[in-house]
Amino acid sequence: MSLNAYLYSDDIISWLEECMKLQAVHRIAPIREILFQYWILLKGLTGQPTNTKNIMELSNLLTKEENYELIPQLE
């Protein structure tokens, strides 16, 4: 992978991670899943480790309606 492609994917990975923190994204399951799958794809293509088990557990926990109020405290 070229340096430019790596830097591009790194920027996109950071942007995806910021998007996945938004409450609005957590409430819309298809968008949440698309962003998450794209994140996994880019991490895999760039050889970066993914800890999907912990992320999925956190995502499932945060997307429960009773836990929405906890999201701002995590930031």
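Is Trp-39 buried or exposed, and what is its relative accessible area? In this predicted model, Trp-39 is buried, and its relative accessible area is 4%. To see where this residue belongs, it helps to begin with the chain as a whole and then return to the ring of Trp-39 and its partner.

The chain contains five helices and zero strands, so that reading along the sequence gives the pattern α-α-α-α-α. Of the 75 residues in the chain, 28% are buried, while the accessible surface of the chain comes to about 5,300 Å², with carbon and sulfur atoms accounting for 59% of that area. When the contacts between residues at least 6 apart in sequence are considered, 51% of them join residues that are at least 24 apart.

Within this helical chain, a search of the whole structure finds one aromatic pair. The pair is made by Phe-36 and Trp-39, whose ring centres are 5.9 Å apart and whose planes meet at 20 degrees, and it counts as stacked because that angle falls under the 30 degrees used as the cut-off.

Both partners lie in helix H3, which covers residues 29–45, and because they are three residues apart there, Phe-36 and Trp-39 are separated by about one helical turn. Phe-36 has a relative accessibility of 8% and therefore counts as buried, since buried means under 20% relative accessible area. Trp-39, with its 4%, is buried as well, and so the stacked pair of Phe-36 and Trp-39 joins two residues of helix H3 that are each buried.

Methods: Residues numbered from 1 in each chain as written. Predicted model: local features only at pLDDT ≥ 70, side-chain atom pairs only at ≥ 80, totals over all residues. Heavy atoms only, no water. Phe/Tyr/Trp six-rings, centres within 6.5 Å; stacked < 30°, edge-to-face > 60°. Helix = DSSP H or I, 4+ residues; strand = E, 2+ residues; numbered from the N terminus. Buried < 20%, exposed > 50% of the residue type's maximum accessible area, 1.4 Å probe, protein only. Contact = heavy atoms within 4.5 Å. Areas by Shrake-Rupley, 256 points an atom, 1.4 Å probe, with all protein chains shown as cover.
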